[in-house]
Amino acid sequence: MLLIHNISLLQTPVGNESLRGEAQGENRKYRNASVLIDGETICAVAENGAIPPCPPDTMRLDARGAFVTPGWVDAHTHLVFGGWRQHEIPLKLRGAGYIEILQSGGGILDTVRQTRALGEDALFSRAWGFLDEQLRFGVTTTEIKSGYGLDLENECKQLRVIRRLKDEHAMDIVATCMAAHAVPPEFAGRTEAYVDYVCEIILPRVAKEHLAHYCDVFCETGVFSVEQSRRVLETARALGMGLKIHADEIDALGGALLAGELGAVSAEHLIATDDAGISALSAGHVIACLLPQTSLYLNKGFARAREMIVRNVAVCVASDFNPGSCPSLNLQLSANLAYLRYRMTPEETLTALTLNAACAIGLGNRLGSIEPGKQADLTLWNADGMELLCYRMGTNQVKAVVKRGKVVVG
Ligand code: NIG
Ligand code: FE
């Protein structure tokens, strides 16, 4: 057993389900707290200086007054890739659009070339370093999408790398197949034919080999239409996968409406989502997965998080880590922007980064809160609470990280 004691404040959302509306801002706060862990599982939380009854040989970890939250969950990344795309920033600053760069063969397609060129081992070791870095930033679980292969061989290659990472790294990992991320050069000008290929060849193989839990699609003007996205997602659903959708990142094309209609677990980005889109997310109980660092890198507006919360949409905040529109995997920066630009409260922000994020990847029963029975994933912070954590920017505020009951950082 492990006892973490001398915690000045322990703050956590409560439950196994995503929290929406006012409930998103309700965190349980334990002052002068301690947590007892049995193996990988939390067995008790005590407050006001009390210590849960524990056997004499219990190991003790002195938190030395740290602020403690559940380990953070990054519910949206594209973490397995080759290369970077820093050369796009001058183009963007001169006015080139994200989709314009993609349509001229750059953007995602640039990364597809660089990812296809790498073998599994090279992709694996690069991604391994990113996972280590996430842990150091207080993130203990991550979702990872494919989508830089865009053919059977290379999508499966990326997904096999994700599976190996999941098997071997301390981090909990959830895989998403995003073969419908862009139209590869072999299918240039034949988007419908590529959608057929995704539905008839890639997704059935991915399902057969259990390479992904979720399917995602980039529903955007100039990429995949609402109808094409629907076809991909309905195929994935019939194959037993959960649904996600990159919706309304640039235009309000109808991705949020589609997410609501199909009952997707989450809709991502939602920068341009209109009132009808917000209503559809609310009615369909779709989690809004918001990615504020991408707004920053694309010089775009910020999603309407406050209206979403007021209108009963559960909001999750993630990084979108990828080599183009968000080269940062520091989820603390997403917290800063959620507070400053989305105007979410520190409590709403914590729920967004923990329980709602865990629910967005189907792990709310096991992760996302500090309660008896949940997995012992905890982050100890050099701060006195969420308010300071959301306020300070650019410094890694992690003091230590406990993953499955073991100290992995600190
Ligand atoms: O979520 N929008 C599509 N996909 C990613 C970016 C991927 C890339 O630019 O490489 C996103 O922003
Ligand atoms: Fe993304």
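In this predicted model, the side chain of His 78 has an N or O atom 3.4 Å from an oxygen atom of ligand 1. Two other side chains make contacts of this kind, and here they are side by side:

| Side chain (N or O atom) | Partner | Distance |
|---|---|---|
| His 78 | oxygen atom of ligand 1 | 3.4 Å |
| His 246 | oxygen atom of ligand 1 | 3.0 Å |
| Ser 325 | oxygen atom of ligand 1 | 2.7 Å |

As for cover, the protein takes up 100% of the 330 Å² of accessible area that ligand 1 has on its own. The ligand's home is the largest cavity. Around ligand 1 there are 15 residues, and the closest ones are Tyr 98, Tyr 148, Glu 249, His 269 and Ser 325. Ser 325, then, turns up both in that closest set and in the table, with its 2.7 Å contact.

Now for the metal. His 78 and His 246 also bind the iron ion (ligand 2): its protein donors are NE2 of His 76, NE2 of His 78, NE2 of His 246 and an OD atom of Asp 320, at 2.1 to 2.3 Å. Along the chain, these donors are spaced as H-x1-H-x167-H-x73-D. His 78 and His 246 tie together distant parts of the chain, being 168 residues apart. His 78 lies in the loop between β6 (72-74) and α1 (88-93), while His 246 is in strand β10 (residues 242-247). Both of these histidines are buried.

So what do His 78 and His 246 have to do with each ligand? Each gives an NE2 donor to the iron ion, and each side chain has an N or O atom by an oxygen atom of ligand 1, at 3.4 Å for His 78 and 3.0 Å for His 246.

Key:
Residues are numbered from 1 along each chain as its sequence is written. Chains are lettered from A and ligands numbered from 1 in the order in which they are written. This is a predicted model: local features need pLDDT of at least 70, side-chain atom pairs count only at pLDDT 80 or more; totals for chains, interfaces and linings use all residues. Side-chain values use heavy atoms; hydrogens and water are left out. Donors are N, O and S atoms within 2.8 Å of the metal (3.2 Å for Na, K and Ca); water is not among the atoms, so sites may look incomplete. Helices (H or I, at least four residues) and strands (E, at least two) are DSSP runs, numbered from the N terminus. Buried means under 20% relative accessible area, exposed over 50%, partly exposed in between (1.4 Å probe, protein chains only). A residue is near a molecule or strand if one of its heavy atoms lies within 4 Å of it. A polar contact is a pair of N or O atoms within 3.5 Å; within protein, one must be able to donate a hydrogen and the other to accept it, and residues adjacent in sequence count only if both atoms are side-chain atoms. Accessible areas come from the Shrake-Rupley method with a 1.4 Å probe; for residues, only the protein chains shown count as cover. On a 1 Å grid over the protein atoms alone, a cavity is a set of points where a 1.4 Å probe fits but cannot get out, and a pocket is an open set with protein on both sides within 12 Å along at least five of seven lines; lining residues have an atom within 4 Å of a point. A molecule sits in a cavity or pocket if more than half of its atoms lie within 2 Å of its grid points.
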